[in-house]
Amino acid sequence: MRNANSATDFTYAQSVTIIYNHMPKRNSLNQMRIIDFRSDTVTLPTDQMRDAMASAEVGDDVMGEDPTVNQLEGMAAEIFNKESALLLPSGTMGNLVAILSQCQRGDEFIVGNWSHIFRAEAAGFSVLGGVAVQPLLNAPRGMINSHQLEQAIHPNDPHYPITTLLALENTNVYCGGTILTCEDIKALAEVTKSYGIRIHLDGSRIFNAAVALDVKVSDLVKDVDTVNFCLSKGLSAPLGSILCGTHETIQRARRWRKMLGGGMRQAGVFAAAGIVAMETMVDRLAIDHINARKFAIGLSTIPGIDIDPGKFPTNIMFPKILSRSAKSLADSIELKGIKVRVVSDNMWRIVTHSGICETDIDYALDVIRTIFDDQVDS
Ligand SMILES: *Cc1c(COP(=O)(O)O)cnc(C)c1O
């Protein structure tokens, strides 16, 4: 695994080649190229993934007979150094199944208030599992204060739900792609272990954290009981998430997956893309981090935009738009082929990924700078 600095091992030409090799094929030469910074979920499968999908050996995975799914799950268990792994259609289902497999009805889990599980998964854990949630302040970097954590754990008293799980997120999307280190997680695990509480890690972008820290993912997850990661974000597979944990937990997760309708038959067709994703798309995440850093530094020099590049260590950033509405500025740049996500009246979200190369960053900065310059002139 490379760290952000050694990513200069990739020459610019190589990064462009990696990207253009799997750009969508255009119908017409003069169609405007769309540079889509809204999310790394917009990434497209590479040609190598499509080839692997076309020739994948498949079987009925609900019966455990899809060799490609079994290979992918085995690979994930090995890389994460957990006993077992389970392929799921989405990250949301992976997190849900992880919670349902480790909490009983009436139990409670603790989670950061700026976590995807708390904010953006429709509270499936309470709707479907009768599991309560206790959010704690995520500050900063998506970390949770270990003293606050200890205070939040309920004593065994019939007034309270039983605290059984802590859910962490690495990298943390709403905090700006921020990273928890091995030491951060260990500090929290020391508290949870002493109370017999498990940890689930929403590691949708765990490989971004590992690449940025230049550590192995297995080191980053050694203090957690379960971890879920996405094949469909920076790793650019068309879909799929994988939950890793002990045999016993994954056995329960398999039952919940079936109950939720997530048991899939010839899933090897997309698992094949997942294998290619894990083999070819991890190290190049460093390029996304370099491009994000370049974008953030560029934006910070534009009067009218407020961003501290140091706050965004991976591929996600939240620039503040001063002096005009974030929506109207986004509409203006969309006319030039650049898409960003407007998250509030004065804020954008920008995400770099395998569909974006260094020249796209230069172009986007030019477009944004020109709009602000024109505004000053007029
Ligand atoms: C995307 C994401 C999820 C959910 O994954 P889906 O595949 O979109 O359901 C969960 N957690 C985080 C941090 C994410 O970014």
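A polar contact is a pair of N or O atoms within 3.5 Å. The exercises below apply to a predicted model.

**Exercise 1.** Determine which side chains make polar contacts with the ligand, using R205, D202 and H116 as candidates.

*Solution.*
Step 1. An N or O atom in the side chain of R205 is 2.8 Å from an oxygen atom of the ligand. With the cut-off at 3.5 Å, the pair counts as a polar contact.
Step 2. For D202, the partner is a nitrogen atom of the ligand, and the separation is 2.6 Å.
Step 3. A nitrogen atom of the ligand also lies 3.4 Å from a polar side-chain atom of H116.
Step 4. On its own, the ligand has 380 Å² of accessible area, of which the protein covers 84%.

**Exercise 2.** Describe the composition of the shell around the ligand.

*Solution.*
Step 1. The ligand is surrounded by 13 residues, and those that come nearest are G91, T92, D202, R205 and K233.
Step 2. Sorted by class, the shell holds six polar, five charged and two nonpolar residues.
Step 3. Among the contributing elements, helix α4 (residues 91-102) gives the most, namely three residues.

**Exercise 3.** Characterise the arrangement of domain 1 and domain 2.

*Solution.*
Step 1. The domain assignment places 12-44 + 283-377 in domain 1 and 47-280 in domain 2.
Step 2. Their C-alpha centres are 29 Å apart.
Step 3. Domain 1 supplies 21 residues to the contact and domain 2 supplies 20 residues.
Step 4. Between them, the two domains bury about 1600 Å², with 55% of this area on carbon and sulfur atoms.

Conventions
Residues are numbered from 1 along each chain as its sequence is written. This is a predicted model: local features need pLDDT of at least 70, side-chain atom pairs count only at pLDDT 80 or more; totals for chains, interfaces and linings use all residues. Side-chain values use heavy atoms; hydrogens and water are left out. A residue is near a molecule or strand if one of its heavy atoms lies within 4 Å of it. A polar contact is a pair of N or O atoms within 3.5 Å; within protein, one must be able to donate a hydrogen and the other to accept it, and residues adjacent in sequence count only if both atoms are side-chain atoms. Accessible areas come from the Shrake-Rupley method with a 1.4 Å probe; for residues, only the protein chains shown count as cover. Helices (H or I, at least four residues) and strands (E, at least two) are DSSP runs, numbered from the N terminus. Ala, Val, Leu, Ile, Met, Phe, Trp, Tyr, Cys and Pro count as nonpolar, Asp, Glu, Lys and Arg as charged, and the others, Gly among them, as polar. Domain bounds come from an automatic or database domain assignment. Contact means heavy atoms within 4.5 Å. Buried area is the accessible area (1.4 Å probe) that two parts lose on being put together, summed over both.
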